[in-house]
Amino acid sequence: MSNQLILSLIAASVLTACGGSSTSATAPADPAPPKPTTTITATTGVITGFGSVFINGVEYETDATTVTTDDNGGASESDLQVGMVVTLSGEINEDGTTGNANAIHYDEQLKGPIASIDLFANTITILDQTIVFDDLTSFENFLLADLIPGDILEISGYFHTDGTLYATRIEKETEQTQLKIQARITLLDSVNKTFELNGLTIDYSSAIFKDFLEADLVDGQQVRVKGEYTALNAGVLVVSEVKLKEKNENNEEGDNRHVEGFITDFESSGNFKVDGIAIILDDNTEFKYGDASALMANVRVKIKGEFNADGSLLAKKIRIEQKTNLSIEGAIEAINLDLSTVTVLGVEFEINNQTKMKDESDNGERFFDLADVAIGEFVELKGFVDSDGKNIATKMQRENEDENAEVELKGHVSNILNFSFSLVGVTVITDANTEFEGKNGDDVNQEVFFEQLENNMQVEVKGQLIDSVFVALSVEIEEKDDDNDSNRTEFKGIVEAINEGTLVVSGHQVLVGQTTIFKIDDVRVAAEQFWSSIAIDTQLKIKGTLDQQGVITANYIELE
């Protein structure tokens, strides 16, 4: 074969392999992949994590997002925090779990000084507004036990039917700032230009109105008011701004909406509102962690749906938010990224895209998820048991390990036997060194405690692992006594009046008896020393019982 022929064959083969030839047809190009389908949506929900931002189980990219807050029209993602309730507009991808955020806005619902705290009822009073918190509430810049009356807090959350504000996030402010309240108007007096917000009198005579006119004010409207810290005097707040917070959305049929909050205006399981939006169901509505029979007033839900022609939101998916009744704290023993589980003290929890994720350790990672933790690291897990018996984590928080190696458990008691019991699947042993707090919040001995303890009671334990055995250092029954008209209270407030045998503390009459224990800065003192040490405006911590009229019978009073 001639060299010329060999060169010709090589050249032809190279051209063919490259897909090009002056005499052969061009091979058809591979078709372009289909463009992902997206759905335009509006969302109201709690931020549960970052990476970019997680809301209602969807991870939204925020590279081109406009972020605004009530005080900052040019904010950024770094101004957002886990636990904030935000509104978002954007697109959700076809997978239903990722998307892009075009705009995110945050407004707090309340800002002001603490009047009183009840650590047993989990309530705080600020500007006559009642705030409820729980194990899922995110606390920023403080420890709950360290809060005192007068501290200024910023609250983000959702409203119950009765106007109580459930806090998804509480931040402690470091200085006196503008007061803010969101609530529904009552006792409107257009002549004197006042109305009330849950009992607090608002003077709007010098206020500007946003999103509506002064003439449009009516009882029942939800508004948000602002006033200077110095504008609160004798129970009246003179406000500089009144903003309408009623839902007034112009939605077209087929518009997508995600909404989170408590059920209000409940008529039936197919007729109620969430965050002011009318919700309806059909036979195709899917449920998570429950069914339609669980829907009732003040149940917290997350809903995905589409608006119909009459402006109601047809729910496609409803997630019923279960109460957090499990809590465990300790070192991680196992991690399974494939199953998305983590194990602490032998108890396995499932992490999902709805779990609140936060890093409170010295690492301080903002973009924090299960892949960021390691065996041996200290975490706090909170959650509930689903219908399949799985422990579902509603919150996972990485922390610095306790220097004393103390860990905490909270849950419902089972398997009570020989001064021991099971909690969150962990066997708890008590001994002579364990401190016990009984049903009425009083200190009791081991024998009395176990006489009061019953299966399924809610109990909180602090203890240590000693040779793989969990030994309790302190045990507290958190169950309320429903057999009488009194409830336990662990109240912090300001002394307003001192009388013989009684006090008035942050609006509550306090009855002091011969069995009341007195302390000053954790040291037990005689009654005479206590009474000589207190004065108007001093701060007290009180343990006892609270009756239906708000009167506290004190078992224990401490001057802090």
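What share of the contacts in the protein chain with a separation of 6 or more is accounted for by residues 24 or more positions apart? In this predicted model, such residues account for 63% of those contacts. The protein chain is built from three helices and 47 strands, and of its 560 residues 46% count as buried. Taken along the principal axes, the box filled by the C-alpha atoms comes to roughly 120 × 70 × 45 Å.

The confidence of the prediction varies along the chain. The average pLDDT of the protein chain is 89, and 92% of the residues score at least 70. Confidence is highest in strand S15, residues 194-197, at a mean of 98, and lowest in helix H1, residues 3-17, where the mean is 38. Over residues 1-26 the pLDDT is below 50, and this stretch has three contacts in the model beyond near neighbours in sequence.

Among the strands, S4 (residues 66-69) and S5 (residues 72-75) run antiparallel and are joined by two bridges. The connection from S4 to S5 is a hairpin that passes through two residues, and Thr69 stands opposite Asn72 in S5.

Strand S4 also contributes to the second largest pocket, as one of the strands that each supply at least two residues of its lining. This pocket holds about 1,200 Å³ of space, and of the 46 residues that line it, those closest to its centre are Gln182, Gln222, Lys245, Lys247 and Asp275. Other strands that each supply at least two lining residues include S1 (38-50), S6 (85-93), S7 (98-106), S12 (152-159) and S14 (179-189). The strand that gives the most to this lining is S22, with six residues. By class, the lining of the second largest pocket comprises 20 polar, 14 charged and twelve nonpolar residues.

Enclosed space is present as well, in the form of three cavities of 30 Å³ or more. The largest cavity holds about 120 Å³ of space; it is lined by 13 residues, of which Thr48, Leu136, Arg300, Glu321 and Lys356 are the closest to its centre. Strand S1, which supplies at least two residues to the lining of the second largest pocket, likewise supplies at least two residues to the lining of the largest cavity, as do strand S13 (165-172) and strand S26 (300-307). The lining of the largest cavity is made up of six charged, four polar and three nonpolar residues.

Two individual residues illustrate positions of unlike accessibility and setting. Lys323 is located in the loop between strand S27 (313-320) and strand S28 (326-336), and Lys323 counts as exposed because its relative accessibility is 74%, above the 50% that an exposed residue must exceed. When its neighbours within four places in sequence are left aside, Lys323 is in contact with Gly383 and Phe384. The C-alpha atoms of Lys323 and Thr394 are 9.3 Å apart in space, although 71 residues separate the two in sequence.

Asn499, by contrast in setting, belongs to a strand, namely S42, which spans residues 487-499. With a relative accessibility of 41%, Asn499 counts as partly exposed, since this value falls between the limits of 20% for buried and 50% for exposed residues. Between the C-alpha atoms of Asn499 and Thr39, which lie 460 residues apart along the chain, the separation is 65 Å.

Conventions. Residues are numbered from 1 along each chain as its sequence is written. This is a predicted model: local features need pLDDT of at least 70, side-chain atom pairs count only at pLDDT 80 or more; totals for chains, interfaces and linings use all residues. Side-chain values use heavy atoms; hydrogens and water are left out. Two strands pair if DSSP finds at least two bridges between them. Helices (H or I, at least four residues) and strands (E, at least two) are DSSP runs, numbered from the N terminus. On a 1 Å grid over the protein atoms alone, a cavity is a set of points where a 1.4 Å probe fits but cannot get out, and a pocket is an open set with protein on both sides within 12 Å along at least five of seven lines; lining residues have an atom within 4 Å of a point. Grid points are joined across faces, edges and corners, and a volume is the space filled by probe spheres set on the points. Ala, Val, Leu, Ile, Met, Phe, Trp, Tyr, Cys and Pro count as nonpolar, Asp, Glu, Lys and Arg as charged, and the others, Gly among them, as polar. pLDDT is the predictor's confidence in each residue, from 0 to 100. Contact means heavy atoms within 4.5 Å. Buried means under 20% relative accessible area, exposed over 50%, partly exposed in between (1.4 Å probe, protein chains only).
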